[in-house]
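Biologist: I have a new model open. Can you show me how to read it?

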Amino acid sequence: MNTPNKLTLLRVILVPVFMVLLLIDSFGAQLGALAVFAAASLTDMLDGKIARKYNLITTFGKFMDPLADKMLTTAAFVIFLQKGIMDSWALMIILAREFMVSGVRLVAAGEGKIIAAAFWGKFKTVAQMAAIMATIVLTMGFIPLETGMAISRLLIWISVIFTVISGIEYVWKNRHLIKMK
């Protein structure tokens with residue numbers, strides 16, 4: 001197991017830790033959730049850079065890296081939904097895009113092809129992670145909760161727009177894999 005794959009596994013392991021902290025209604029736990037999420041997000045950036053720089057790209061990494069990202073962001077979004085911070089429509093759009101992309105990746109894998117993440121997909125991930133970290137900070141009590149929740153909803157919807165753009169780009173670039181006969 002190489003270093004990038006270990007970082008990816010660390011991100012997966014951090015997901016339940018993040019969830020527990022985010023569900024505890026205290027300033028310290030929220031600060032801890034923010035720190036864990038930031039650390040997990042950092043591993044996303046590092047594992048890819050290390051894998052490319054040292055030619056450590058593996059099939060495991062190609063499979064687990066995007067899955068780990070989805071687990072991390074979805075965990076946050078589900079808890080935000082539970083707390084009333086996120087709209088169910090926003091979460092459904094995000095999940096629909098992720099299921100669609102995963103389906104296209106499965107079709108590609110069935111044909112022996114692996115589809116690398118494109119610019120908009122990476123940008124979508126960064127936008128979602130930024131919205132999640134901002135939401136945690138905005139709901140920690142530094143500003144009135146209603147204001148923090150309103151700003152958070154706006155940031156989440158902005159990330160949803162990038163999610164839709166990346167989904168459209170993904171389907172368009174890979175339409176040859178899903179053409180209807």
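Modeller: Start with one residue. This is a predicted model. D87 has 29% relative accessibility, so D87 counts as partly exposed. The partly exposed class runs between the buried cut-off, under 20%, and the exposed one, over 50%.

Biologist: Where in the chain does D87 lie?

Modeller: Place a residue by the elements on either side. D87 is in the loop that joins α3 (59-82) to α4 (88-110).

Biologist: Which residues are in contact with D87, leaving aside neighbours within four places in sequence?

Modeller: L81, R153 and W157. Then look at the side chains. Those of D87 and W157 make a polar contact at 2.7 Å. For scale, the C-alpha atoms of D87 and A33 are separated by 21 Å, with these positions 54 residues apart along the chain.

Biologist: Now the whole fold. How many helices and strands does the chain have?

Modeller: Six helices and zero strands. The pattern along the sequence is α-α-α-α-α-α. The radius of gyration is 17 Å, close to the 16 Å from the globule rule for 181 residues, so the chain is as compact as a globular protein of that length. Along the principal axes, the C-alpha atoms fill a box of roughly 50 × 40 × 20 Å.

Biologist: What share of the residues is buried?

Modeller: Buried residues are 42% of the 181. Turn to the surface next. The chain exposes about 9800 Å², and carbon and sulfur atoms supply 73% of that area.

Biologist: And the charges: how far apart are the mean positions of the positive and negative ones?

Modeller: 10 Å, for 18 positive and 10 negative charges.

Notes
Residues are numbered from 1 along each chain as its sequence is written. This is a predicted model: local features need pLDDT of at least 70, side-chain atom pairs count only at pLDDT 80 or more; totals for chains, interfaces and linings use all residues. Side-chain values use heavy atoms; hydrogens and water are left out. Helices (H or I, at least four residues) and strands (E, at least two) are DSSP runs, numbered from the N terminus. The radius of gyration is taken over C-alpha atoms; the globule rule is 2.2 Å times the number of residues to the power 0.38. Buried means under 20% relative accessible area, exposed over 50%, partly exposed in between (1.4 Å probe, protein chains only). Accessible areas come from the Shrake-Rupley method with a 1.4 Å probe; for residues, only the protein chains shown count as cover. Lys and Arg count as positive and Asp and Glu as negative; His and the chain ends are not counted. The place of a charge is taken as NZ of Lys, CZ of Arg, CG of Asp or CD of Glu. Contact means heavy atoms within 4.5 Å. A polar contact is a pair of N or O atoms within 3.5 Å; within protein, one must be able to donate a hydrogen and the other to accept it, and residues adjacent in sequence count only if both atoms are side-chain atoms.
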